[in-house]
Amino acid sequence: MIKKELTKRILSSIILMPIVLFFIVKGTFLFNFFILICLLITTYEWMKMSKKNFFKIFGTIFIIISFYTIFKIRNEFDRDYFHLLLVIIICMSTDIGGYLFGNVFKGPKLTKISPKKTYSGVIGSFLLSIIFTNLFLDIYLDEKTFKFSKEMFIFILSVSFISQSGDIFVSYFKRKSKIQDTGNIIPGHGGILDRIDGMIFAFPFSYLVFLNWIF
């Protein structure tokens, strides 16, 4: 079952990543159109999942704010799409690390809210986020001028932690609604919200950091 699920995830990622990268790199109205579509689908999935009007409204407002920070990160800073890719790399490696380490090493459960989450998964999330992000920075930036600073280390761990917390937060509402996935648009992943549940919390935080710390 795990192998079948992993195969679906890998195939979906292979198909989706070039599409996502295309819109991020192209920017302009193409990127804006792409995140608008994602915003509408994510909002729909959230409203469909939420049972109480208060959570529907509050969650919708937060999702809109989160996507607005995605727009700002892509268009406001000097390095074009670097900052946006940086956050995405951290969140994706966090997700991959949690999934792989959790399934391979298993161990004690982290919380009843999200039964699949384990302490080994948390460790894997932090480790892979540091490793993959460091590789990304080495490749993207000039190795002679880039130094993996203490500030960058803290930033990666913070984004990874927030991403994991966001995942658990959305899992809580999925359990309340008695559903496993927010949708079925992405094989192996579920809905758009399932795929970006951690990112929608990581982007607002990252945007606030980037306003005060540009590298």
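Long-range contacts dominate the count in this predicted model: among contacts in the protein chain with a separation of 6 or more, 72% come from residues 24 or more positions apart. The chain itself is built from eight helices and zero strands, so reading along the sequence simply gives α-α-α-α-α-α-α-α, since helices and strands are taken as DSSP runs numbered from the N terminus. As for burial, 42% of the 215 residues count as buried.

Two helix pairs show how the pieces fit together. Take helix α3 (residues 53-76) and α8 to begin with: they pack at an angle of about 45 degrees, and their axes are 8 Å apart. That angle makes α3 oblique to α8. The crossing of this pair is left-handed. On the α3 side, the contact is made by F62, I63, S66, F67, T69, I70, K72, I73 and E76. On the α8 side, the residues are M199, I200, F201, F203, P204, S206, Y207, F210 and L211. Sorted by class, that contact has 13 nonpolar, three polar and two charged residues.

Now for the other pair, helix α5 (residues 119-140) and helix α6 (residues 150-176). Here the packing angle is about 135 degrees, with the axes 10 Å apart. Angles over 145 degrees would count as roughly antiparallel, and α5 and α6 are therefore oblique to each other. This time the crossing is right-handed. From α5 come V122, S125, F126, S129, I130, T133 and L137, and they meet M152, F153, I156, L157, S160, F161 and Q164 in α6. The tally by class for the contact of α5 with α6 is nine nonpolar, five polar and no charged residues.

Zooming in on single residues, I200 is a handy place to start. I200 sits in helix α8 (residues 199-212), and with a relative accessibility of 4% it counts as buried, because the cut-off for buried is under 20%. Setting aside residues up to four places away in sequence, I200 touches F62, I63, S66, F67 and L193. F62, I63, S66 and F67 also appear on the α3 side of the contact between α3 and α8.

T42 is another buried residue, with a relative accessible area of 0%. T42 belongs to helix α2 (residues 28-49). Its side chain reaches the backbone oxygen of C38 at 2.7 Å. Once neighbours within four places in sequence are left aside, the contacts of T42 are I63, F67, I192, L193 and I196. Among these partners, I63, F67 and L193 turn up in the contacts of I200 too.

Then there is D167, which is found in helix α6. What does the side chain of D167 join up with through a polar contact? The partner is the side chain of K117, at 3.3 Å. D167 has a relative accessible area of 14% and is buried. Neighbours within four places aside, D167 is in contact with D95, K117, D197 and G198. Finally, D167 can be placed relative to I200: the two are 33 residues apart in sequence, and their C-alpha atoms are 9.5 Å apart in space.

Methods. Residues numbered from 1 in each chain as written. Predicted model: local features only at pLDDT ≥ 70, side-chain atom pairs only at ≥ 80, totals over all residues. Heavy atoms only, no water. Axes fitted to C-alpha atoms, helices over the stretch in contact; angles between N-to-C directions. Helix = DSSP H or I, 4+ residues; strand = E, 2+ residues; numbered from the N terminus. Parallel < 35°, antiparallel > 145°, perpendicular 65-115°, else oblique. Left-handed = near helix turned anticlockwise from the far one by under 90°. Contact = heavy atoms within 4.5 Å. Nonpolar A, V, L, I, M, F, W, Y, C, P; charged D, E, K, R; others polar. Buried < 20%, exposed > 50% of the residue type's maximum accessible area, 1.4 Å probe, protein only. Polar contact = N/O pair within 3.5 Å; in protein donor to acceptor, adjacent residues only side chain to side chain.
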